[in-house]
Amino acid sequence: MANWQKDLTGTKINPEEWVLLAKKAGMKYIIITSKHHDGVALWDTKVGDYSLPKLSGSNRDVIKEIADACKKHQIKLCFYYSHWIDWQHPYGWSHNQEVTGRVTDQQYNQYWQEKVIPQVRELLTNYGDIAMMWFDMWIPYQQSIIKKEQLDQLATMIHQLQSNCLINSRLGFPIENEHVDFETLGDNQFGSAYTDHIWETPGTIAHSWGFNALENEWKSTNQLFQSLINNVSLNGSYTLNIGPRADGSVPYEGVQRLEDMGEWLQKYGKSVYKNKGLPIRFSQHDWGKMTINDDTKELFLHVYNWPLDKILRVTGISSKPKKIEVLNGDNAQEVKFEQFRPILHIKVPEKQPDPYVSVLKVTLNDLQLDKEVVAESTFGGFSLNAKNTTTKNLEFKAFDGTNLTTLSLNQMKSTMESLPPRSWKIHSRIFHP
């Protein structure tokens with residue numbers, strides 16, 4: 001905070017540069033932290049004196065500068081606001097109260113009516129169109145001091161002031177609630193199965209959530225690409241957290257990764273934007289993931305591991321493709337393929353088009369899936385394991401590395417005989433080659 005107080009009065013902090021970096025990275029919206037758990041408002045709030053302009057002795061409104069830059073460069077503006085926790089207000093919630101005793105419901109409601117409601121009203125009134133309010137309560141409201149009536153009051157006000165403003169599930173409600181537009185998973189928690197509703201992962205570009213001068217755990221560009229594409233392949237999205245230095249600059253490692261991602265999205269963004277997932281197993285393919293464009297119905301294959309034998313094996317597509325193309329920026333090379341019912345063998349070029357993620361486009365008349373067929377591996381053959389079985393009511397118990405339970409041959413036989421014949425045959429090949 002001390003560095004911000006000193007630097008905010010100078011010219012080093014330039015929010016427009018943040019917006020331009022986000023646009024260059026291929027991002028479509030920015031979520032700026034308007035108030036975090038410390039209770040400091042980044043804008044010139046009329047609710048008390050605990051704001052960045054007043055604490056720094058500057059008349060700069062960083063939030064207004066970001067809002068103006070977003071409008072200028074056609075980036076949607078969204079606000080993070082810590083509604084549940086506030087360390088500054090005497091009646092706001094803090095986790096110390098779980099040990100030392102808690103404020104009363106009446107006191108907490110005083111904080112709510114005195115600070116939360118009027119501050120969110122300011123944010124939604126003074127800065128133009130707001131695309132999203134991103135809240136940060138990671139437990140259901142029933143487990144906290146917040147009451148349903150308070151959350152209803154907040155959500156209703158948001159929709160009255162900004163009818164198109166989205167609200168995430170960390171408001172405190174489940175995804176089924178009428179006020180929630182999408183689900184936010186836990187921090188750096190990624191999806192593991194296809195879902196029908198829209199969801200997101202909030203993730204860090206390094207280890208820390210804000211700038212850390214000692215940071216040395218930067219995620220690789222490949223990790224970031226796969227985090228984004230994996231989520232889209234399951235109907236999700238990826239909210240990437242970046243912490244600028246106190247002087248407003250973004251660390252070189254962050255800039256480098258964002259620019260690499262932006263360069264890739266300029267070439268292959270049509271395989272990500274407006275795309276969703278397919279209702280197949282998350283681990284269906286060992287070479288990468290599949291997405292489908294909702295508007296064009298084009299299927300995209302994101303290849304992380306280019307096949308050494310130049311045959312990309314795709315499992316689960318029953319309908320016959322009209323054509324398959326390997327994309328390379330604006331160019332598309334049509335390639336040959338063979339189809340064996342729900343299995344495709346695509347003959348790809350020797351050299352992969354992109355060093356990070358190569359993309360193929362599959363054009364179909366209609367999409368028919370075989371959701372139960374076991375996937376063919378990159379090296380040929382079919383991997384039968386506990387996670388891709390179609391047998392119902394099987395318990396999967398992972399080995400914890402310390403307590404291995406061994407089964408006798410009689411136990412194995414008893415287990416196999418309890419399964420349906422189809423599964424028994426699969427297991428019998430494993431135990432009796």
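Helices are DSSP runs of H or I with at least four residues, numbered from the N terminus. All views below show a predicted model.

**View 1. W264 and Y268 form a tilted aromatic pair in helix α9**. Helix α9 covers residues 252-268. Because W264 and Y268 are 4 residues apart in this helix, about one helical turn separates them. A pair of aromatic rings is described by the distance of the centres and the angle of the planes. For W264 and Y268 the centres are 5.3 Å apart and the planes make an angle of 45 degrees. Both W264 and Y268 are buried. The two rings belong to a cluster, linked by ring pairs, that also includes F225 and Y356. The count of aromatic pairs in the model comes to 10.

**View 2. Lysine K28 lies over the face of Y273**. The distance from K28 to the centre of the Y273 ring is 4.5 Å.

**View 3. The charged end of K35 sits over the ring of Y81**. Here the distance to the ring centre is 4.8 Å.

**View 4. Strand β9 is largely enclosed by the rest of the structure**. This strand spans residues 288-293, and 6 of its 6 residues are buried, each having under 20% relative accessible area. Strand β8 (residues 275-276) runs antiparallel to β9 and is joined to it by 2 bridges. Within this pairing, N275 has N293 of β9 as its bridge partner. Strand β9 also pairs with β10 in the antiparallel sense, over 5 bridges. In that pairing M290 stands opposite L301 of β10.

**View 5. K297 takes a positive phi in the hairpin of β9 and β10**. The hairpin has 5 residues between its strands, and the phi of K297 is near 65 degrees.

**View 6. Q74 has a positive phi although it is not a glycine**. The value is about 60 degrees. Q74 lies in the loop that runs between helix α4 (62-73) and strand β2 (76-81). Its relative accessibility is 72%, so Q74 counts as exposed, the cut-off being over 50%.

**View 7. K310 is a residue other than glycine with a positive phi**. Its phi is near 65 degrees. K310 is found in the loop between strands β10 (299-303) and β11 (311-315). With a relative accessible area of 21%, K310 is partly exposed, because a buried residue would have to be under 20%.

Notes. Residues are numbered from 1 along each chain as its sequence is written. This is a predicted model: local features need pLDDT of at least 70, side-chain atom pairs count only at pLDDT 80 or more; totals for chains, interfaces and linings use all residues. Side-chain values use heavy atoms; hydrogens and water are left out. Buried means under 20% relative accessible area, exposed over 50%, partly exposed in between (1.4 Å probe, protein chains only). Rings of Phe, Tyr and Trp (its six-membered ring) pair if their centres lie within 6.5 Å; planes under 30 degrees apart count as stacked, over 60 as edge-to-face and the rest as tilted. A charge sits over a ring if NZ of Lys or CZ of Arg is within 6 Å of the ring centre and within 35 degrees of the ring normal. Two strands pair if DSSP finds at least two bridges between them.
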